[in-house]
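Please look over the model shown below, first as a whole and then around a single residue.

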Amino acid sequence: MATWQIRSWLSSTIRRVASCSVSTQAALPKNASAAFSLIRSQPSQYIVASLAGRKYLLAPRDLLTVPHLKDVRVGDVLALQDIHEVGSRDYTLRGDPVISSSRVSVEATVVEHTKGKMEVVFKKKRRKGYQKTIKNKHPYTRLRIGPIQFSEPSHP
């Protein structure tokens with residue numbers, strides 16, 4: 001196939017794909033309440049939340065391993081406060097910078113406190129006779145993410 005034939009085939013294919021994507025594009029919601037109802041109607045949702053100083057992409061029933069959380073016991077239920085984004089397969093709603101906890105609430109249950117794999121660090125100084133082996137296991141906390149619950153605002 002010649003170069004000009006490939007270019008014409010590519011341009012016609014791109015035109016066809018562009019025209020198809022424009023015709024199947026979903027309508028945008030008018031306000032945040034409409035966006036929440038559209039996300040709620042989808043079969044699967046996700047959130048992006050901050051926990052222990054990092055952002056995580058979470059879905060219901062996920063098992064999340066975070067650095068050790070102090071002052072929590074196995075079985076405790078934590079309410080995730082900093083939710084940055086809520087979405088589903090077709091729609092996404094981002095907070096500025098977070099979504100109010102009165103609109104979206106997610107709970108995480110502490111499943112266990114555990115330790116990671118053994119990390120071995122070997123230090124040595126040449127010709128000095130200095131050798132040192134440091135072994136360490138980092139502590140972690142495992143959380144089970146609960147269902148994402150949407151609530152309507154009290155004011156219209």
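A polar contact is a pair of N or O atoms within 3.5 Å, where, within protein, one atom must be able to donate a hydrogen and the other to accept it, and where residues adjacent in sequence count only if both atoms are side-chain atoms. This is a predicted model, in which local features need pLDDT of at least 70 and side-chain atom pairs count only at pLDDT 80 or more, while totals for chains, interfaces and linings use all residues. Residues are numbered from 1 along each chain as its sequence is written, and side-chain values use heavy atoms, with hydrogens and water left out.

The side chain of glutamine 45 has these polar contacts.

| Partner atom | Distance to the side chain of glutamine 45 |
|---|---|
| Backbone oxygen of glutamine 42 | 2.9 Å |
| Backbone oxygen of arginine 40 | 3.5 Å |

Glutamine 45 belongs to strand S1, which covers residues 45-51; strands (E, at least two residues) and helices (H or I, at least four) are DSSP runs, numbered from the N terminus. Because its relative accessibility is 16%, glutamine 45 counts as buried, a word that stands for under 20% relative accessible area with a 1.4 Å probe, protein chains only. Apart from neighbours within four places in sequence, glutamine 45 is in contact (heavy atoms within 4.5 Å) with residues including Ala59, Pro60, Ile148 and Phe150.

In the protein chain as a whole, there are two helices and 10 strands, and the order along the sequence is α-α-β-β-β-β-β-β-β-β-β-β. Of the 156 residues in the protein chain, 24% are buried. Among contacts with a separation of 6 or more, 68% are between residues 24 or more positions apart.

How values were computed: Buried < 20%, exposed > 50% of the residue type's maximum accessible area, 1.4 Å probe, protein only.
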